[in-house]
Amino acid sequence: MALLTGKTALILGVANKWSLAYAIAQAYVREGAQVVLTYQSDRLKLTVEELGKEISPDVLVLACDVTVPEQLDALAATLKEKFGTVDTVVHSIAFANREDLSRPYVQTSRDGYLLAQEVSSYSLVAVSRAMLPLMPNGGSIMTLSYLGAVRVVENYNVMGVAKAALEASVRYLASDLGAQNIRVNAISAGPVKTTSARGIKDFSKVLDGVSAVAPLRRNTDPAEVADTAVFLGSNLGRGITGNVIYVDAGFQVMALALSQGS
Ligand code: NAD
């Protein structure tokens, strides 16, 4: 039987077919979930609606800018009306100003810092709170993180600091919500060429550097991230909460590679 049969999943963060959230939505439909996608702004509405239809005619597409509390409330109200409950929430959202992903971290402006934190970290708290009334039977909440949360990755800068806060949030949310059988985890994905990633200076050099030294000697496939999201959303992940799971071809275990590229 499919792993997510009978589950309703809210997946936030599809912008186009390269989005990690798009790969996750495909895997969720494959595993039998009822999928709801959201789009950030009217500019993305048509694209996300078309992508949703391509995955399955049953995919529902709704608006949600996570920085607008009224839109989160409206999303929760629509989900309640249509489905009653939600089992899984996938938060695949981040944003920082381009200049903060290219100049030295010490130059980060106050506004740029707060913006990255609000969209990339605080929004997980806001989304979780909005969805809580819809998860009376427990469930699984997950977000997407990156190694820059715990190690310095050149140019990742303000986003690394936002991801550090995001991963700490995962632990506090897991502690808060565990008594309601809601699990909260992060998937720390290896670098993947998406629209967000292209905003980071020298991103293609990161891809080359990682594939040269990662134990699996390659980069991460979005489908691998998606399958881990399936695992966390399914009963198979029932014992895991407050964790950061690396799906990165093993790169994060490496400290020094003397035989780079071999
Ligand atoms: P992406 O650009 O396709 O996705 C980012 C999404 O965030 C977009 O859909 C965008 O619309 C959404 N978003 C931004 N601000 C928003 C707001 N105010 N309200 C609602 N949505 C908003 O890029 P992606 O790489 O798929 O990013 C998804 C997640 O994966 C991010 O958290 C990113 O940091 C994380 N991640 C990406 C990589 C990578 O290399 N691509 C690696 C590790 C983690």
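Trainee: Which element supplies the largest share of the shell around the ligand?

Mentor: In this predicted model, that element is α6, with three residues. Both β5 (139-145) and α6 (195-198) supply at least two residues of the shell.

Trainee: What makes a residue part of the group that surrounds the ligand?

Mentor: A residue is counted if one of its heavy atoms lies within 4 Å of the ligand. By that criterion 28 residues surround the ligand, and the closest are Ser19, Gln40, Val192, Thr194 and Ser196. By class, the shell holds 16 nonpolar, ten polar and two charged residues.

Trainee: Why is the pair formed by Gln40 and the ligand called a polar contact?

Mentor: The term requires a pair of N or O atoms within 3.5 Å. An N or O atom in the side chain of Gln40 is 2.7 Å from an oxygen atom of the ligand, so the pair meets the definition.

Trainee: How do you know that Asp65 and Ile93 also make polar contacts with the ligand?

Mentor: The cut-off of 3.5 Å applies again. For Asp65, a polar side-chain atom lies 2.9 Å from a nitrogen atom of the ligand. For Ile93, a backbone N or O atom lies 3.3 Å from an oxygen atom of the ligand. Each pair therefore qualifies as a polar contact. As for the ligand's surface, the ligand taken alone exposes 820 Å², and the protein buries 93% of that.

Trainee: Which pocket corresponds to the space taken by the ligand?

Mentor: That space is the largest pocket. The assignment rests on a rule that more than half of a molecule's atoms must lie within 2 Å of the pocket's grid points. The largest pocket contains about 1,200 Å³ of space.

Trainee: What makes a residue part of the lining of the largest pocket?

Mentor: A lining residue has an atom within 4 Å of a grid point of the pocket. In the largest pocket 46 residues line the space, and Ala94, Thr194, Thr195, Ser196 and Ala197 lie nearest its centre. Among the elements that give two or more residues to this lining are α1 (20-30), β2 (34-39) and α7 (203-213). The largest share, four residues, comes from α6. The lining divides into 26 nonpolar, 14 polar and six charged residues.

Trainee: What volume does the second largest pocket have, and which residues lie nearest its centre?

Mentor: Its volume is about 460 Å³. The second largest pocket is lined by 21 residues, with Val152, Val153, Gly209, Val210 and Phe251 nearest its centre. Its lining has twelve nonpolar, four polar and five charged residues.

Definitions and conventions: Residues numbered from 1 in each chain as written. Predicted model: local features only at pLDDT ≥ 70, side-chain atom pairs only at ≥ 80, totals over all residues. Heavy atoms only, no water. Polar contact = N/O pair within 3.5 Å; in protein donor to acceptor, adjacent residues only side chain to side chain. Areas by Shrake-Rupley, 256 points an atom, 1.4 Å probe, with all protein chains shown as cover. 1 Å grid on protein atoms, 1.4 Å probe; cavity = no way out; pocket = protein on both sides within 12 Å on 5 of 7 lines; lining within 4 Å. Nonpolar A, V, L, I, M, F, W, Y, C, P; charged D, E, K, R; others polar. Points joined across faces, edges and corners; volume = space filled by probe spheres on them.
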